[in-house]
Each structure stands twice: as C-alpha cells, then as structure tokens.
Amino acid sequence: MGRPPGGQQLGIDIGGTFTDVSFVTDATEELLIEKYLTSDDPIDTVERVLDDLESRGLLDLGACDLFTHATTLATNALLERDGAKTGMVTTEGFRDVVEMRDEGRYDIYDLMIDNPTPIPERQYRAGVPERVDHRGELIEELDVDELERQVGDLVDRGVESLAIAFLHSYANDENERRARRVVEEAYPDLEITTSSGIAPRMREYPRFTTAGVNAYVKPLLKDYLTSLGGYLDEKGFDGTFLMMTSGGGLMPPEAAKERPVQLLESGPTAGSLISRRLSETTDSPNLLAFDMGGTTSKGCLITDHELDRSYVFEAAREHEFKPGSGLPLYIPNVDLIEFSSGGGSIATIDARGTLEVGPESAGSNPGPASYNLGGTRPTITDADMHLGYLRPDVFETSDLDVDPDLAEEALRTNVAEELDVSVREAAEGIYRKTNENIANAFQEHAAEHGVDIREFSMLAFGGAGPIHAQKIADSLNIDRIIVPPNAGVLASLGLLVTPRSLHSVEAYKHTLRDLSVDELSEQWHRMRDEAVSTLSLDSLADDAATTSYKLDARFRGQGFDEEIEVPAPTELADVGTIESIFAEHYTEKYGLSLDRDVEITNIKLEVSAGRQRFDVDSIAKSQSSADGDGLIEERDVFFPETGEYTTTPFVDRLRLQRGDELEGPAVIEGKGSTTVVGPESVASIDDQRNIVITR
C-alpha cells in the first residue's frame with residue numbers, strides 16, 4: 001500500500017478499557033476510526049496503536065500535521081492514589097488547611113462520614129514563617145533558612161514533587177515566587193508547583209488542594225509526555241502535538257507538563273464538545289449527552305446549544321453522587337457528571353444479599369468474562385451479551401476471542417446461584433440496575449441545574465451507550481434519542497474539532513467605584529500575553545486568535561458571584577459599562593436589582609486559536625454506505641417490555657440509507673457500538689446519517 005496522503009489529522013483518546021482513534025486526511029476528507037484495548041502502560045498503548053496503523057499503511061506520522069490527545073492517566077493516578085510522593089510547604093500555622101477542608105459535611109445524617117484523604121498527607125506538609133494579608137501587603141518576610149530546613153527534611157523522606165501554597169498568595173505571590181527560586185536552586189530535580197501559578201484565586205482550601213493535586217500527578221504526566229514526544233520524534237512527526245484539557249481546549253505538551261491537573265477530564269470533555277456541535281446539526285437545542293464506555297458513564301446538559309461550564313471541579317469523590325465528598329480543584333471545566341457504570345463494571349452481591357453493579361471495573365485487564373482474557377466475574381457487558389444485545393461476531397475485527405459461554409458461567413456462579421434465580425434473571429437484574437442507576441444520576445443532575453429533563457433529547461454514544469440509551473430515556477420521559485455515526489469513538493472525534501485554547505482566572509477584588517479601567521485593561525493584556533505564550537500562538541497572526549473577557553461580580557456583602565462577559569479592553573470606556581451589564585444580568589436572572597456597590601472578585605480570560613480544519617459535518621460523510629439488504633441475521637433478544645426473548649433482526653448500519661425506517665424491535669450494528677431499538681419504537685436515518693429513535 002502506498003504512502004497515505006499528506007495533511008493528516010489524528011486524535012487518540014485513551015480510556016480505562018478502550019483506546020479510540022480517529023484520523024482524517026485533507027486530500028480526501030476521509031475519516032477513519034479504530035478501537036483498541038487499553039494496556040496497563042499508557043505509553044505502550046499509544047506506541048502499539050500508532051505502530052499498528054503505520055504497519056497497515058493507514059497512517060504516516062511523517063505526513064501528519066496535527067496530533068490531539070486525551071488520556072485518563074492523571075485521573076487514574078488520583079483515583080488509585082498512585083501519584084508521586086508529594087510534599088507541601090505553606091504558611092506557618094496553616095499546614096492543616098487541606099485536612100480541615102471547609103468544615104462542611106456533605107451528608108449531615110451520616111455519623112460515620114468519610115472525607116477524602118488530602119493530598120499531600122499530613123506527614124509531608126510543613127509550615128514556614130511568612131505572611132501576606134488579604135490586600136497583598138507583606139507582613140512577614142519569608143524565612144529562607146527555615147524553608148531550606150523543612151524542604152530538606154521532606155526530600156530526605158523521599159518527596160519527589162513539592163507544592164508551595166502560602167496564605168493570600170493570590171493577592172501577592174512574591175513569597176511563593178521567592179520560595180520557588182530558593183528550592184529550585186537547592187534541589188534542581190524536584191518538581192515544583194506554586195498555588196499562585198496554578199490557581200491564583202481566593203479561598204485557601206481549594207487553592208491549596210489544586211496545587212497539591214497538580215504536584216501529585218506532575219512527575220507522572222511529565223514522564224509520559226516526554227516519552228511520547230521522544231517516540232513521535234523518532235517516527236518523524238514534525239506537526240503540532242496538543243493535549244485536551246478539562247476546560248474544553250487544547251494546549252501544547254510543554255504547558256500540559258506544568259499544568260497536568262487541567263487534564264483530569266480530558267476524554268469526557270472531548271465527547272461533550274462534539275455533542276454541543278451535534279446539538280446544532282440535529283436541531284436539538286436541549287440535549288442530554290450520554291457517553292457509556294468500558295469503565296465509566298459520563299453525561300452533560302446542553303441548553304440552548306450551550307454547555308454548562310465551571311471554574312471549580314470536584315475530583316475523587318468518596319460518594320460519586322454527593323457534592324462536597326471530593327477534592328475541590330480550581331480548574332476550568334465542562335460541567336459533567338461521571339459515574340462508575342461502564343461495560344466493565346462488575347456485578348456483585350453485597351452483605352445484605354442485594355445486587356450491586358460497580359464501582360469496581362474489570363477494565364481491559366482482565367476485562368469482562370466474555371472477553372476470554374482471564375476475567376471470571378460478571379460485568380454489564382456479560383449481561384448485555386447473555387440478553388442477546390451483543391453478538392460475538394461484532395467483535396471479530398478486534399483482537400478479542402469472545403466467548404458467550406464464559407459470560408453465562410460468570411453470571412451463574414457469581415449472581416444467579418447467590419440469588420437463587422435463573423441466569424437470564426440475573427442478567428436482566430444487572431441490565432435493569434444499570435439503567436436505573438444512570439437514570440437516577442441524570443435526574444439528580446438535571447434537578448441541580450434547574451432544568452426539566454423531559455424537554456431534552458438524548459445523544460447516545462460510547463461503546464455501550466446506544467445499547468442502554470432507550471431504557472434510560474424511557475425512565476427520564478425523553479422521547480427522542482440520537483445515535484451519531486461512529487458513536488463508539490465519538491470522543492476521539494471531538495479531539496479533531498476542538499480549538500487550541502486556554503482559560504485563565506485570577507483574583508481581582510475591587511468595588512466598581514474604586515476600579516481603574518486602565519489597571520483592569522493592563523491585567524487583561526498581561527494575562528492574554530501569557531496565554532498566547534503558553535499556547536505557543538506566537539507564530540500565528542494576532543487576529544487568528546479570538547479573546548473573550550469576563551468578570552465575576554456580586555453586590556457587596558453577598559457570598560456568591562455571577563459571571564458576566566464584558567467588551568474588550570479597547571472598547572471599555574468606563575466602569576459604568578460594567579455596572580450596566582451586571583445590573584441587566586442580575587435582573588434577568590433574579591427579577592430585581594439591589595441598591596449596593598458592585599464588587600469584582602475574579603478576572604477571567606479565554607484565548608482561542610479558532611476551529612481545527614476537520615468539521616463536525618464530515619462525520620456524516622465518514623459513515624460510508626453499502627448496497628444491499630442490511631439484514632445480518634435474526635436472533636433471540638430479551639426485552640424487559642415483553643418479559644421474554646423475541647426473534648429480532650440484526651441490521652448492518654452501513655447498509656442503512658438516509659430516510660430508511662426500522663420498526664422495533666431491532667438491533668443495529670455499527671463499528672464500535674451497537675444500538676438497541678425496543679418494541680413499539682421506530683428508528684429512522686436522518687440527513688446526517690444519525691439514527692433517530694422515537695416512540
């Protein structure tokens with residue numbers, strides 16, 4: 001096979017079970033997708049994937065001009081507490097800030113409440129004399145001798161990475177910067193994170209925690225990105241390499257090495273971004289994006305074609321549905337809900353004799369029992385296979401030697417015999433429990449956001465999402481489900497449509513009457529220059545990057561902020577413009593305004609380099625069609641609606657044409673995902689080649 005055409009763009013999303021790959025060439029605009037099992041070593045996974053694609057003549061890294069990447073490496077390190085041995089130096093007397101938290105209880109009725117273990121642990125935290133007040137005025141100089149003594153002790157005890165987090169450093173970071181210089185000179189091999197460098201915002205608990213978590217995952221991500229960069233160099237890649245962030249942008253690996261905490265939700269965020277774009281092309285202003293993969297399920301609400309975004313993210317919750325039970329991090333993020341219901345989630349019987357599904361996952365090693373890789377415990381995938389939704393033949397293009405008998409045996413010995421039920425009833429119980437858990441989570445998420453989920457359509461994707469989508473939608477009273485082409489790898493497609501961008505937030509506490517527009521503009525210009533440098537946009541023309549300017553504001557005396565977008569500094573004549581924008585926003589949201597001073601708390605900026613060349617419209621083109629009858633075969637499939645197995649047609653998605661309709665029950669097989677259409681439902685193929693299921 002000859003060399004592939006030039007101008008290739010490549011996206012790789014490493015998940016807990018599968019690694020999804022999408023790539024396209026400028027010359028043909030042909031989109032190719034692949035799916036691989038994720039190995040224990042993420043760098044081995046990427047190298048194995050790229051070596052395979054090159055050996056098959058599908059990809060030439062030397063001809064690739066864009067490689068975008070998302071990984072669960074940082075997330076897994078945090079969840080499994082497998083990061084670097086991390087230390088922290090903070091203001092004397094405040095080393096227990098991350099232990100005391102905010103003194104709130106996420107469950108006031110739980111007498112045995114478990115709070116997340118802080119990062120770093122107490123024995124690796126030390127206080128040093130220094131002090132800055134909340135106005136940024138220096139009260140006490142940094143005690144350099146004590147700093148050197150404390151850091152030396154931490155290094156002697158094996159600390160590899162250090163967080164420097166001083167009180168009120170958001171207002172004046174001189175002591176943190178000085179401490180960094182001292183430590184770098186004494187210990188050049190020690191990784192260092194400063195809280196003012198990663199999260200220059202008020203409230204010490206989330207700021208200290210953000211610095212600690214960044215330090216915790218920094219050596220791991222730095223080693224990974226360095227190794228990956230070396231591999232790409234060896235393969236002759238000289239294009240642009242970018243990492244997906246939790247905030248919905250892309251940043252160069254050098255920036256990601258310093259800010260790895262911003263990569264925590266990179267894969268799920270990519271799926272959310274392309275979902276937002278699909279809300280436009282499918283005329284679905286209100287959309288519930290549902291992504292069910294091999295390890296977890298994710299979801300987000302798209303309202304009026306817009307994603308909910310936040311600047312605080314809670315990671316590693318002790319209870320996945322209880323806000324406040326995790327570690328609060330000051331990172332820009334898309335407001336997602338994520339929970340442990342993936343195809344590899346393991347079904348167990350607890351001490352009360354009750355069926356539970358997850359949170360433990362079989363992952364890719366050993367994987368579901370049916371994968372024949374050594375797993376012996378039943379998973380959601382095993383239940384789906386026994387109920388007839390998955391044919392073993394659908395895995396024939398993968399490296400898996402799937403055996404349904406192994407799924408049946410795992411279900412029998414671990415669930416059916418324990419509950420004294422049939423294997424079919426055990427599988428149905430897992431299926432129902434999974435759907436109920438996901439539907440309940442989405443219902444709670446919608447309630448927290450004050451929306452009526454019944455007014456939404458559902459976009460289902462991921463390897464397992466379209467199998468479970470209709471029953472979950474039924475529970476939520478959602479009557480329209482959309483399954484896009486190549487749904488199994490949709491998140492990796494999100495990597496190809498995302499711009500290079502960066503969100504910045506800095507504390508800026510001023511009342512409007514004391515505010516200097518010139519000073520505000522100067523700070524915005526500095527933040528923009530730093531963002532352009534971080535994103536390596538210097539080679540681009542200035543007008544190639546767009547910038548949005550935002551402020552967090554509140555009436556003086558209030559404890560919550562409202563985000564407002566304001567004109568560019570060059571168009572901001574006086575503070576009256578800001579006051580008018582805030583008053584209009586506040587009145588529209590709450591129906592009234594207050595006769596009080598307006599106070600600014602944070603200054604925000606987003607720099608974006610514009611969209612990548614691959615556009616969401618190309619997804620429809622990528623769904624190649626084939627002539628002939630789409631029927632693959634008929635098989636018995638169990639549907640809870642009828643309570644029995646029903647002879648059901650299995651249809652090849654590639655043979656379905658625009659305008660085709662299928663009356664349920666039916667199962668539609670595509671590459672990387674299978675869609676289940678229940679009885680009394682209709683599946684139609686729209687102009688973008690989406691499957692649209694309605695009752």
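The side chain of T90 reaches the backbone oxygen of A165 at 2.5 Å. That distance, like everything else here, comes from a predicted model. T90 lies in strand 5, which covers residues 86-91. How buried or exposed is T90? Its relative accessibility is 1%, so T90 counts as buried; the cut-off for that label is under 20%. If you set aside the neighbours within four places in sequence, T90 is in contact with R95, A126, G127, V128, A165, F166 and F208. So that you can place the polar contact, note that A165 is on this list of contacts too.

Now go back towards the start of the chain, to another threonine. T19 is found in strand 2, residues 18-25. With a relative accessibility of 0%, T19 counts as buried. Which side chain does the side chain of T19 make a polar contact with? The partner is T38, and the distance is 2.9 Å. Beyond the neighbours within four places in sequence, T19 is in contact with I12, D13 and I14, with E34, K35, Y36 and T38, and with T45 and V49.

From here, have a look at helix 1, which runs over residues 42-55, and its packing against helix 7, residues 204-234. The two axes are 10 Å apart, and the angle between the helices is about 20 degrees. That makes helix 1 roughly parallel to helix 7, since an angle under 35 degrees counts that way. As for handedness, the crossing of helix 1 past helix 7 is right-handed. On the helix 1 side, the residues that meet helix 7 are P42, I43, V46, E47, L50 and D51; on the helix 7 side they are Y224, S227, L228, Y231 and L232. Sorted by class, this contact of helix 1 with helix 7 has eight nonpolar residues, one polar and two charged.

Another helix pair is set up at another angle. Helix 11 (residues 404-419) and helix 12 (residues 423-448) have axes that come within 9 Å and cross at roughly 85 degrees. Helix 11 and helix 12 are therefore roughly perpendicular to each other. Which residues meet in this pair? E408, L411, R412, V415 and A416 from helix 11 meet V423, A426, A427 and I430 from helix 12. The contact of helix 11 with helix 12 divides into seven nonpolar and two charged residues, with no polar ones.

Next comes a glutamate in a strand. E506 is found in strand 25, residues 501-511. At 15% relative accessibility, E506 counts as buried. What does the side chain of E506 make a polar contact with? It pairs with the side chain of R526, at 2.6 Å. Not counting residues up to four places away in sequence, E506 touches P200, Q523, R526, M527, E530, T601, N602 and I603. There is a long-range pairing to check as well: E506 and I198 are 308 residues apart along the chain, yet their C-alpha atoms are separated by 9.9 Å.

E141 is a glutamate in a loop, between strand 8 (138-140) and helix 4 (144-156). Apart from neighbours within four places in sequence, E141 is in contact with P129, E130 and R178. Measure across to S266, 125 residues away in sequence, and the C-alpha to C-alpha distance is 40 Å.

Methods. Residues numbered from 1 in each chain as written. Predicted model: local features only at pLDDT ≥ 70, side-chain atom pairs only at ≥ 80, totals over all residues. Heavy atoms only, no water. Axes fitted to C-alpha atoms, helices over the stretch in contact; angles between N-to-C directions. Helix = DSSP H or I, 4+ residues; strand = E, 2+ residues; numbered from the N terminus. Parallel < 35°, antiparallel > 145°, perpendicular 65-115°, else oblique. Left-handed = near helix turned anticlockwise from the far one by under 90°. Contact = heavy atoms within 4.5 Å. Nonpolar A, V, L, I, M, F, W, Y, C, P; charged D, E, K, R; others polar. Buried < 20%, exposed > 50% of the residue type's maximum accessible area, 1.4 Å probe, protein only. Polar contact = N/O pair within 3.5 Å; in protein donor to acceptor, adjacent residues only side chain to side chain.
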